[in-house]
Amino acid sequence: MTESLVDAMNAALSTTIPIAGKMGVRVVDAGRGYAVTSVPAEGNGNHFGVIYAGVQFTVAEVLGGIIALSTFDTGKYFPLVKNLDISYRAMATTDLRAEARVDDETIARIETEAAEHGKSDFTLEATVTDANGTVVATSTGLYQLRAFGK
């Protein structure tokens, strides 16, 4: 994705989800079927010195919306999250990076279903890693691409 599009997505993220902006959640990269986000450790700690679980949840959860916006026609469809399960695997004490991908076959299915039925559900697996590459959380989200007016 071009730098200007990443900047636009970051501006939109701060506007549409203000708390994510306050946390410092940023889109690092996005394109057809993938998204990468980050969040700083500074300002996001909890009472025992690790990154607050809600911050980790947020940096992972927004990936579904970012992928939908960078993959599908934003003039016709909008994304929403229906469910997200997260497993915290290790203590997070550094800046975090979250990543998720959707394969071309799934993208084609979503496009077809959304065109035919006005909506399509999809599952997204995300990985959250710290600055050392340690997996600190994994998530499985159920998202929906929905046509405007449906």
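Modeller: Relative accessible area, computed with a 1.4 Å probe on the protein chains only, sets three classes: buried is under 20%, exposed is over 50%, and partly exposed lies in between. The model is a predicted one, in which local features need pLDDT of at least 70 and side-chain atom pairs pLDDT 80 or more, while totals for chains, interfaces and linings use all residues. Residues are numbered from 1 along each chain as its sequence is written, and side-chain values use heavy atoms, with hydrogens and water left out.

Colleague: Why is F148 called partly exposed?

Modeller: The relative accessibility of F148 is 48%. This value falls between the limits of 20% and 50%, so F148 counts as partly exposed. F78, at 27%, belongs to the partly exposed class as well.

Colleague: How many aromatic pairs does the model hold?

Modeller: The count comes to 2 aromatic pairs. The rule takes rings of Phe, Tyr and Trp (its six-membered ring) whose centres lie within 6.5 Å; planes under 30 degrees apart are stacked, over 60 edge-to-face, and the rest tilted.

Colleague: What makes the pair of F78 and F148 tilted?

Modeller: The ring centres are 5.2 Å apart, which is within 6.5 Å, and the planes stand at 40°, neither under 30 nor over 60 degrees; the pair is therefore tilted. The two rings come from distant parts of the chain, 70 residues apart: F78 is in strand β3, and F148 is in the segment after β6 (135-147). Strands here are DSSP runs of E with at least two residues, helices are runs of H or I with at least four, and both are numbered from the N terminus.

Colleague: Why is the pair of F122 and Y143 called stacked?

Modeller: The centres of F122 and Y143 are 5.7 Å apart and the planes differ by 20°, which is under the limit of 30 degrees, so the pair is stacked. This pair also links distant parts of the chain, with F122 in strand β5 (residues 119-129) and Y143 in strand β6, 21 residues apart.

Colleague: Are F122 and Y143 buried or exposed?

Modeller: F122 has a relative accessibility of 1% and is buried. Y143, with 2%, is buried too.

Colleague: How do you know which strands stand at the edges of the sheet?

Modeller: The sheet is open and has 6 strands in the order β1-β2-β4-β5-β6-β3, with antiparallel pairing. β1 (26-31) and β3 each have a single partner strand, so one side of each has no neighbour in the sheet. From one strand to the next the twist averages 20°.

Colleague: How do you know that β2 and β4 pair?

Modeller: Two strands pair if DSSP finds at least two bridges between them. Strand β2 (residues 34-39) and strand β4 (residues 96-101) share 6 bridges in the antiparallel sense, so the requirement is met. Y34 stands opposite R101 in β4, and V36 stands opposite E99.

Colleague: What joins β1 to β2?

Modeller: These strands pair over 5 bridges, again antiparallel. D29 has V36 in β2 as its bridge partner. The hairpin of β1 and β2 has 2 residues between the strands, and G33 takes a positive phi near 80° there.

Colleague: What distinguishes the two faces of β4?

Modeller: The covered face carries L96, A98 and A100, and the uncovered face carries R97, E99 and R101. β4 is joined to β5 by 4 antiparallel bridges, and A98 stands opposite V128 in β5.

Colleague: Why does V128 count as buried?

Modeller: The relative accessibility of V128 is 1%, which is under 20%, so V128 is buried.

Colleague: What lines the largest pocket?

Modeller: A pocket is an open set of points on a 1 Å grid where a 1.4 Å probe fits, with protein on both sides within 12 Å along at least five of seven lines; lining residues have an atom within 4 Å of a point. The lining here has 18 residues, and T16, G65, I66, L69 and P79 lie nearest the centre. α1 (3-16), α3 (53-71) and β3 (77-88) each give two or more residues, and α1 gives the most, with 6. The volume of the largest pocket is about 370 Å³, taken as the space filled by probe spheres set on points joined across faces, edges and corners.

Terms used. Axes are lines fitted to C-alpha atoms, for helices over the stretch in contact, and angles run from 0 to 180 degrees between N-to-C directions.
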